[in-house]
Amino acid sequence: MDTSIDVSEYRLTGFAHGGGCACKIPPGELEDAVRGLTGQTNPQVIVGLDDGDDASAVRIRDDLAVLSTADFFTPVVDDAYDWGRIAAANALSDIYAMGGTPVTAINLVGWPREVLPFELLTEVLRGGLDVAAEANCPVAGGHSIDDPEPKYGMAVTGVAHPEAIMRNDAAEAGLPITLTKPIGVGILNNRHKQTGEVFPEAIATMTELNASASREAVAAGVRAATDVTGFGLLGHLFKMGRASGVGAVIDTTKVPRLGGVDESIAAGFVSGGTRRNLDWVRPHLTTGDTVTEDDLLLLADAQTSGGLLVVGELPGYPVIGETVAGSGITVR
């Protein structure tokens, strides 16, 4: 008798209260929790807790810094293999956002072992391994716990030259702002969770590594960048501007978006995490007469494995605005 498990029978998104980076603790609440946990005294710490950057950076030699990050989340899609690929690409992205090269990773797993079969977990891990292999980053172990909700991600270690690290407190006024991936995956993932519809373009975007964009940015001398994940484009841009002491102007017509996003917003497929992102950043926004609430929801959409938000121009990627003197964000 065939006792194999048909993993396609399980809708993984139904086993979690949210999906992907939309499960992040809201930015305002997180900042309250870590307030005061700043001011690293070790002189070798280049980037620590102070500005909520994508990864930590510690100087090992004059020409070498070690980068460290961790990222994990609940299922963002129903397909176990795709979820593993997305989670791995998302974790690796923090290293790329700092201009680094990932060198090793370990898996982080929470699994409801009495609810979901381990064949599904195998598929998740296989997806993570395949994307890590694409990044030439060996996965050398990990840690797992019995958890009521499935969770998966990675802790990643990378390297970079200390003078070439891209950080979120180094933006200067008067420079273009480039975005390397379209936005809207949070909205489409929420629609997928509620309806089961599959959006191949969104999956392709989330599984795409930010490696090439990172290398191009470093080669171009870019000093300030971040990746767009759970706090949305507006949230991550606001954090970068605040840390750097600059403002920003965004042209909504220049921001690339995934197909089906506008219809999905109109149909109400907007996550609570996205709405919390917009509530957090709204006091710092100035909007033009033609900017709608739907425009702002898209710009605040909680992304998973989004692109790099680069202060500088990268050939082949859309420029969506510019940094300016002052503070806050103008959306027009």
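**Exercise 1. Describe the overall fold of the protein chain and state how many helices and strands the protein chain has.**

Solution. The protein chain has 10 helices and 13 strands, where helices (H or I, at least four residues) and strands (E, at least two) are DSSP runs numbered from the N terminus. This is a predicted model, in which local features need pLDDT of at least 70, side-chain atom pairs count only at pLDDT 80 or more, and totals for chains, interfaces and linings use all residues. Residues are numbered from 1 along each chain as its sequence is written, and side-chain values use heavy atoms, with hydrogens and water left out.

Step 1, dimensions. The C-alpha trace of the protein chain spans about 70 × 50 × 40 Å along its principal axes. For 332 residues, a compact globule would have a radius of gyration near 20 Å, and the 19 Å of the protein chain agrees with this. The radius is taken over C-alpha atoms, and the globule rule is 2.2 Å times the number of residues to the power 0.38.

Step 2, burial and surface. Of the 332 residues in the protein chain, 52% are buried; buried means under 20% relative accessible area, exposed over 50%, and partly exposed in between (1.4 Å probe, protein chains only). The accessible surface comes to about 14100 Å², with 52% belonging to carbon and sulfur atoms. Accessible areas come from the Shrake-Rupley method with a 1.4 Å probe, and for residues only the protein chains shown count as cover.

Step 3, contact range. Among contacts (heavy atoms within 4.5 Å) between residues at least 6 apart in sequence, 85% join residues at least 24 apart.

**Exercise 2. Set out the secondary structure content of the two spans that UniProt annotates as domains at residues 52-160 and 179-260.**

Solution. Step 1. An unreviewed UniProt entry places "domain: PurM-like N-terminal" at residues 52-160. That span is 32% helix and 41% strand, and its end C-alpha atoms lie 18 Å apart.

Step 2. An unreviewed UniProt entry places "domain: PurM-like C-terminal" at residues 179-260. Here the chain is 50% helix and 10% strand, with the end C-alpha atoms 19 Å apart. UniProt positions follow the numbering used here, feature names are shortened, and annotations may be inferred rather than shown by experiment.

**Exercise 3. Examine the salt bridges, and explain which parts of the chain the pair Arg282 and Glu293 ties together.**

Solution. Step 1. A search of the whole structure finds 12 salt bridges, each being a side-chain nitrogen of Lys or Arg within 4 Å of a carboxyl oxygen of Asp or Glu.

Step 2. Lys151 and Asp147 meet in one of them at 3.1 Å, N to O, and both Lys151 and Asp147 are buried. Asp169 and Arg167 meet at 2.7 Å, N to O; Asp169 is partly exposed, with a relative accessible area of 25%.

Step 3. The side chains of Arg282 and Glu293 form a salt bridge of 2.8 Å, N to O. Arg282 lies in the loop between helix H9 (272-281) and strand S10 (285-287), and Glu293 in helix H10 (residues 293-299), so the pair ties together parts that are 11 residues apart in sequence. Arg282 is partly exposed at 34% relative accessible area, and Glu293 is partly exposed at 39%. Elsewhere, salt bridges that share partners join Arg113, Glu114 and Asp146 into one network.

**Exercise 4. Is Thr323 buried or exposed, and which residues does Thr323 touch?**

Solution. Step 1. Thr323 is found in strand S12 (residues 319-324) and counts as buried at 3% relative accessibility.

Step 2. Not counting residues up to four places away in sequence, Thr323 touches Glu172, Ala173, Gly174, Leu175, Ile177, Val246, Gly247, Ala248 and Val311.

Step 3. Pro318 lies in the loop between strand S11 (308-311) and S12, and counts as partly exposed at 30% relative accessibility. Leaving aside neighbours within four places in sequence, Pro318 is in contact with Ile177, Thr178, Leu179, Lys254 and Pro256.

**Exercise 5. Identify the packing partners of the buried residues of helix H5 and of Leu299.**

Solution. Step 1. In helix H5 (residues 200-207), the buried residues are Ala202, Ile203, Thr205, Met206 and Thr207. These buried residues pack against helix H2 (80-97) and helix H4 (185-195).

Step 2. Leu299 lies in helix H10 and is buried, with a relative accessible area of 2%. Its contacts, leaving aside neighbours within four places in sequence, are Ile183, Gly232, Leu233, Leu234, Thr252, Val255 and Val331. Leu299 and Leu278 are 21 residues apart in sequence and 8.4 Å apart in space, C-alpha to C-alpha.
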